[in-house]
Amino acid sequence: MDGAGAFAQLLPLILIFAIMYFLLIRPQQKRVKEHQKMVEALRRGDQVVTQGGLIGKVTKVKDDNEIEVEVSENVRVRVVKNTVAQVLNKTEPSGS
């Protein structure tokens with residue numbers, strides 16, 4: 001078998017990998033980066049939804065990996081930052 005024949009057999013596999021990369025892998029990497037930016041920007045007063053479905057307001061950003069969320073009046077829970085699925089209302093930074 002010559003080199004051109006071997007390349008012709010590998011071409012469909014290369015094309016399938018390229019299509020998979022552009023349709024699956026690349027968009028997933030983009031979503032992960034966007035989620036990481038959102039998590040890093042969390043601040044006190046933001047209203048968030050966790051992956052478990054809890055909706056609450058961030059009352060304290062404890063450290064790099066944890067926040068405190070108030071889900072009801074005087075009911076606060078500790079939440080791992082990466083489990084925040086969505087930020088509903090973003091608070092504006094204070095000008096003073």
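## How buried is the chain?

What share of the 96 residues of the chain counts as buried? The figure is 18%. Keep in mind as you read on that this is a predicted model.

Now for the overall outline. The chain has a radius of gyration of 22 Å, whereas a compact globule of 96 residues would come in near 12 Å. Measured out along the principal axes, the box filled by the C-alpha atoms is roughly 75 × 30 × 20 Å. The accessible surface adds up to about 7400 Å², and carbon and sulfur atoms own 57% of that.

## Layout of the chain

There is one helix, plus five strands. Starting at the N terminus, the order reads α-β-β-β-β-β. Helix H1 covers residues 3-40. Further along you meet strand S1 at residues 47-50, strand S2 at residues 55-61, strand S3 at residues 66-72 and strand S4 at residues 75-80.

How much of the contact count comes from residues 24 or more positions apart? Taking contacts with a separation of 6 or more, the share is 41%.

## A spot on the helix

Lys30 is a handy marker in helix H1. Lys30 counts as exposed because its relative accessible area is 55%, and the cut-off for that label is over 50%. Compare its position with that of Val77: the two are 47 residues apart in sequence, and their C-alpha atoms sit 30 Å from each other.

## Val48, a buried residue in S1

Is Val48 buried or exposed? With a relative accessible area of 0%, Val48 is buried. Its home is strand S1.

Leaving aside residues up to four places away in sequence, Val48 touches a list of residues that includes Leu42, Leu54, Ile55, Val58, Val69, Val84, Val87 and Leu88. Gly56 and Gln86 are also among its contacts. As for Glu70, its C-alpha lies 10.0 Å from that of Val48, with the two positions 22 residues apart in sequence.

## Salt bridges

How many salt bridges turn up in a search of the whole structure? The search finds four. One of them joins the side chains of Arg78 and Glu66, with an N to O distance of 2.8 Å. Arg78 belongs to strand S4 and Glu66 to strand S3, so this pair ties together parts that are twelve residues apart in sequence. The two partners carry opposite labels: Arg78 is exposed, at 61% relative accessible area, while Glu66 counts as buried at 18%.

Arg76 appears in two of the bridges listed here. Its side chain meets that of Glu68 at 3.9 Å, N to O, and that of Glu70 at 4.0 Å, N to O. Glu68 and Glu70 don't get the same burial label: Glu68 is buried at 13% relative accessibility, but Glu70 is partly exposed at 23%. The cut-off explains this, because buried means under 20% relative accessible area. Put together with Lys62, these residues make up a network: Lys62, Glu68, Glu70 and Arg76 are linked by salt bridges.

As for the charges overall, the chain has 14 positive and 11 negative ones, and their mean positions are 2 Å apart.

## Glu68 and Thr59

Glu68 is part of strand S3. Setting aside residues up to four places away in sequence, Glu68 touches Lys57, Val58, Thr59, Lys60, Lys62, Arg76 and Val77. Two names in that list, Lys62 and Arg76, also show up with Glu68 in the salt-bridge network.

Thr59 sits in strand S2. Why is Thr59 called buried? Its relative accessibility is 15%, and buried means under 20%. Its contacts, again not counting residues up to four places away, are Arg44, Glu68, Val69, Glu70 and Arg76. So you'll find Glu68, Glu70 and Arg76 from the network touching Thr59 as well.

## A loop residue with positive phi

Which loop holds Asn74? Asn74 is in the one between S3 and S4. Asn74 isn't a glycine, yet its phi is positive, at about 65°. With 68% relative accessible area, Asn74 is exposed.

Terms used. Residues numbered from 1 in each chain as written. Predicted model: local features only at pLDDT ≥ 70, side-chain atom pairs only at ≥ 80, totals over all residues. Heavy atoms only, no water. Helix = DSSP H or I, 4+ residues; strand = E, 2+ residues; numbered from the N terminus. Rg over C-alpha atoms; globule rule 2.2 N^0.38 Å. Buried < 20%, exposed > 50% of the residue type's maximum accessible area, 1.4 Å probe, protein only. Contact = heavy atoms within 4.5 Å. Areas by Shrake-Rupley, 256 points an atom, 1.4 Å probe, with all protein chains shown as cover. Lys, Arg positive; Asp, Glu negative; His and termini not counted. Charge placed at Lys NZ, Arg CZ, Asp CG, Glu CD.
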